[in-house]
Number of protein chains: 4
Amino acid sequence: MIIVMKANAPEEQIAEVCRRVEGLGFRPHLSRGEVRTIIGCVGDERGKPRLQSLELLPGVESVVPILQPFKLASREVRPEKTIVRVGDLAIGGERLCIMAGPCSVESEEQILASAMAVREAGATVLRGGAFKPRTSPYAFQGLEEEGLKLLARAREVTGLKIVTEVVKPDDVDLVADYADILQVGARNNQNFALLKRCGEAKKPVLFKRGMATTIKEYLQAAEYILAEGNYDVILCERGIRTFETATRFTLDINAVPVLNDLTHLPVIVDPSHGTGHWKYVTAIARAAIAAGADGLIVEIHPKPEEALSDGVQSLKPDVFAELMRQLKPVAAAVGRTI
Amino acid sequence: MIIVMKANAPEEQIAEVCRRVEGLGFRPHLSRGEVRTIIGCVGDERGKPRLQSLELLPGVESVVPILQPFKLASREVRPEKTIVRVGDLAIGGERLCIMAGPCSVESEEQILASAMAVREAGATVLRGGAFKPRTSPYAFQGLEEEGLKLLARAREVTGLKIVTEVVKPDDVDLVADYADILQVGARNNQNFALLKRCGEAKKPVLFKRGMATTIKEYLQAAEYILAEGNYDVILCERGIRTFETATRFTLDINAVPVLNDLTHLPVIVDPSHGTGHWKYVTAIARAAIAAGADGLIVEIHPKPEEALSDGVQSLKPDVFAELMRQLKPVAAAVGRTI
Amino acid sequence: MIIVMKANAPEEQIAEVCRRVEGLGFRPHLSRGEVRTIIGCVGDERGKPRLQSLELLPGVESVVPILQPFKLASREVRPEKTIVRVGDLAIGGERLCIMAGPCSVESEEQILASAMAVREAGATVLRGGAFKPRTSPYAFQGLEEEGLKLLARAREVTGLKIVTEVVKPDDVDLVADYADILQVGARNNQNFALLKRCGEAKKPVLFKRGMATTIKEYLQAAEYILAEGNYDVILCERGIRTFETATRFTLDINAVPVLNDLTHLPVIVDPSHGTGHWKYVTAIARAAIAAGADGLIVEIHPKPEEALSDGVQSLKPDVFAELMRQLKPVAAAVGRTI
Amino acid sequence: MIIVMKANAPEEQIAEVCRRVEGLGFRPHLSRGEVRTIIGCVGDERGKPRLQSLELLPGVESVVPILQPFKLASREVRPEKTIVRVGDLAIGGERLCIMAGPCSVESEEQILASAMAVREAGATVLRGGAFKPRTSPYAFQGLEEEGLKLLARAREVTGLKIVTEVVKPDDVDLVADYADILQVGARNNQNFALLKRCGEAKKPVLFKRGMATTIKEYLQAAEYILAEGNYDVILCERGIRTFETATRFTLDINAVPVLNDLTHLPVIVDPSHGTGHWKYVTAIARAAIAAGADGLIVEIHPKPEEALSDGVQSLKPDVFAELMRQLKPVAAAVGRTI
């Protein structure tokens, strides 16, 4: 943290700031310019928002943070990439991890048909929501535990791993009983109670970025999971809120190289929510892999026009199979396999 | 819902769309132009996202919703303004409701000093966080139940009502035991499990807008609380995420007249989070009342420069007292009292 | 500018950065922490983006600007508020300046009827576009010089001052021949060639904020006008682009106190573009004055439903008269007259 | 355009709306539901914002546009892709077009060194700014005509085509004398006077998206150029303004497939401005090609740390050469060459 004093701030103000800095457990270090004095605060500033409040002292112009506000998620603490293992799958390694499936689990027939399509196309993880956070209380809210059972049944039949969303702390154990990977959705990105419980679980967590979360805030939120001892966190860019309405969200493709630079955690991309329309999904899936993503999560549905949710952004099985075919050479072009 | 067919879509495609519309329980109504046919879907479209999926049928150009997606919160259903009663307080009536207090409850001394300042300045509700959703896991997370007890003590001493945040479904009963008003924060705006539990509680809910929530989504989220039978919901505009960084958030002042137009629920404004800096709070507080807000929630602290959280945006007691003095003529100018 | 070196950056990297800093005409000032060295660059950094490029040197972690990037517009350079005089009008003083009129000048009848309504309601400046920057090339583009003549005629008849938009550098002299105040619109906020020409003109400039311009960029753009010797600049907040679609733009009410803090230039607000719908204009007009704005610019039209542009956001004369009545007590509440 | 009447709007209101619709040259077409009447307006609504004003008539709930607001740029009017020819180059065909060069032309030595690096790496167009729109009036504003001459000299030496920015209408002829492609920058996206002049020029136009321009507005702005008879327009996504600050802008990768769907014009991507930092440029360049872009425009500089502008986002020649190597297999993966 650097404290910039106002031009010509008197000595007693500088001295008072230094006293406060020391009172918070930091060492002040003065650098005097011709008109301005700058006070460096030596010590670890993370989790110390009280330093920021020094901005209120007389003579202080601004307080400028220097360090990134996250630790465990950072490349500084762990330079080598994390590989999250889910049974025989490795997420974050050379082989891309493709997750696919319907938005919601609707019926045995639907989830089995989806699972077969996912496996045939060459993907390895089945997605499907049993607990659905829906914008409207009048919309379908998911089959809940019945949905989890159907997912387990689909795993039995196809051998796919299962990823499914958990929406409240009390459900974590239940969902963890069925799922191979717990999913925390965009709307719960800063639901810290849920994150802590996922941190205590012994399952990998697919942790989506919030629609208005900066990358720094996202990594601080991930830190809630890591801080509980669970390092198996897979990040997922899924689109942010912007003024553009031609697509449902704006997929932040920049987040892929930025996250790869800042954190060791694997990063996947959700082109379905990121665009909101099936006809843009394949192009964005290719872009995500070319940008360096470790995988994808894609919505598919055997009959999108009958889907209980997100039909417009769901791929039909044959379109998904074509997407997988198109991904192969792109993956190879960036030194990955699929 | 209106379905716009593509130019020159053949009859069989139109017929198929009509069949599907009927299958979903709506009545189709055709309007044939020279080149385009438009199909009106007669029936209540709310909570029927499956209608949207008809966009995927051959020959369909777009599906355009017509109704607002919320019901119970709408002026159509209840034209007269809701007044939320908290003991002898009435929120949404002629008299403005001013809530103030520190971001976090830190100690008995701090919360009592805050409460005295709040009462002396003429406000009627004390705010203070016992459970704190913090961006960083390394930041102060609140005193939890101990904080609730201190709030209750401050109520005892001052006679103020208490509003405090609840961050997870399981805490609702505990917080409701102490608080007069439950607060749901911006980060939990779409934490639907929490909203449902607040809907079941017998306490008024101060429900903040999310930082990336559109007004329509916000009212749908409020609908989760109303749908459980709890109509005592107070809305709160607290700033949205935009590209502007001179302030912490961008307070959406437009939301005040828009909400007053769309919903019967009372609307208050949080100028502290909405600006992020104490020196802008008074001007924005005046603006909120002039725009037609039913009240304010303001952060104050006896010693902002020592606050454990949000010090930069907290007012000192004398600045808050001055804010209250300035509000009086503004309130009178719009036909309100304080 | 402060240069933060990476942890444990070797001495030769520090020395090289210092050499570069000197080469750019600044004096480096070292502050050595335990792990990090910080280099203050003493000198005026404004207009020196090359300093920023030092971020590319080995061992540099980040380059942090300290000064605000504008000078002439800043309170530091001119602490007292600027009052822009337009004949007998003073903009920025105790009396609020209310500008009103149609989006476009459409006919003599329309502009005269508008002008009469503006004057009767008590406003002092007539707005009206002769050169219209329209989103679509197929939309009405304005009457051009004929429109300017009609504005002059309306001034003759009513005694109102005239403000009208100029959209290209070559038109500045022509528009200045007719107008009392030149308007630069949001879409031309960073049309620097136009700004320079307005800077050379001998007329006050009403300079609107761009829809994606930060406040800092806005003041830098204003600086283009000031730097040519024209200090008669009136700033105007008119709404920014955000994700919210319930209103056409999001009026950034925070910009009023922030600009009042940073700059000496008068600040007015455009509630018509800021909301995009006539029914929200009055509430936002009141809010703007309560927040400390020096005036308003409001769209009115004798027959909004027949307007060639922006009808939806235009007030009818009687609604505008009522707005003016409502503003009076609000103005008085903040120590202003109207 | 569809006009939705309020529930139970009386017959005389419906009749009045129909009269107005006819008065504007459209044919009304009624569709009566149980509670609501919907009026379709048959005719071409583009450039008819007056239809929107019918929203103000009694009994009207909303006016919903149906057609895309652009014509000449649309796939409906011209289904096959436009290929822009610049001498022997074809932009929009199988072969990708890579443009590269410094932000600003600074000196003969600098531009020649840049041009050699561009050609050696296999790109075919040299970029370089002679007229620079700079945020601050104190920043380097470009060498102007001297810069154009240096670009022409670089073309002579290397055989590269030249693209350079034009910032005001009066400069179009001058810039067109030197350049092979005129560039209109993001800040001038809605500088309609400039667009019209570029439409009259006989040179291809590289037309960048504005930082707050929706895709629909962008295509309407392009329409200004097309409407003057110049169909040689190359679109360029270069990042939009969002709340994310980890990158300078948020590159909207979705815009690539969306534009490919809506328009026949070629689309390239600017990963340099889109990210704002050289270390993210290569990943985003790969993503752009994988998403279906027809080319790139990349900032390079022989000595980025000495650049007069945009040094932080400029690639060194060897990094650019490596980017080109990495693009080859990505291009092949999507059926393109480089």
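1. Taking buried to mean under 20% relative accessible area, one finds in this predicted model that seven of the eight residues of helix α8 of chain C (residues 255–262) are buried, so the helix is largely enclosed by the rest of the structure. The residues concerned are C:A255, C:V256, C:P257, C:V258, C:L259, C:N260 and C:L262.

2. The cover over these buried residues of α8(C) comes from more than one chain, since it includes α10 (278–291) of chain B as well as α7 (215–226), β12 (233–237), β13 (267–269) and α10 (278–291) of chain C.

3. A turn of 180 degrees, with a shift of 0.0 Å along the axis, lays chain D on chain C with an RMSD of 0.0 Å; the two copies are thus related as by a two-fold rotation axis. The residue of chain D that comes closest to this axis is D:A212, with its C-alpha at 2.8 Å. Both copies use the same surface, in that 100% of the contact residues of chain D recur in chain C.

4. Chain D and chain C each bring 50 residues to their contact, and the area buried between them is about 4400 Å², with 55% given by carbon and sulfur atoms. D:L56, D:Y138 and D:E305 supply 16% of the area that chain D buries against chain C, more than any other three residues.

5. Six salt bridges are found across the interface of chain D and chain C, among them the one between C:R20 and D:E305, whose closest N and O atoms are 3.7 Å apart. There are also 17 residue pairs in polar contact across this interface, counting pairs with both residues at pLDDT 80 or more.

Terms used: Residues are numbered from 1 along each chain as its sequence is written. Chains are lettered from A and ligands numbered from 1 in the order in which they are written. This is a predicted model: local features need pLDDT of at least 70, side-chain atom pairs count only at pLDDT 80 or more; totals for chains, interfaces and linings use all residues. Side-chain values use heavy atoms; hydrogens and water are left out. Buried means under 20% relative accessible area, exposed over 50%, partly exposed in between (1.4 Å probe, protein chains only). Helices (H or I, at least four residues) and strands (E, at least two) are DSSP runs, numbered from the N terminus. Contact means heavy atoms within 4.5 Å. Copies are superposed by least squares on the C-alpha atoms of residues with pLDDT of at least 70 in both. Buried area is the accessible area (1.4 Å probe) that two parts lose on being put together, summed over both. A salt bridge is a side-chain nitrogen of Lys or Arg within 4 Å of a carboxyl oxygen of Asp or Glu. A polar contact is a pair of N or O atoms within 3.5 Å; within protein, one must be able to donate a hydrogen and the other to accept it, and residues adjacent in sequence count only if both atoms are side-chain atoms.
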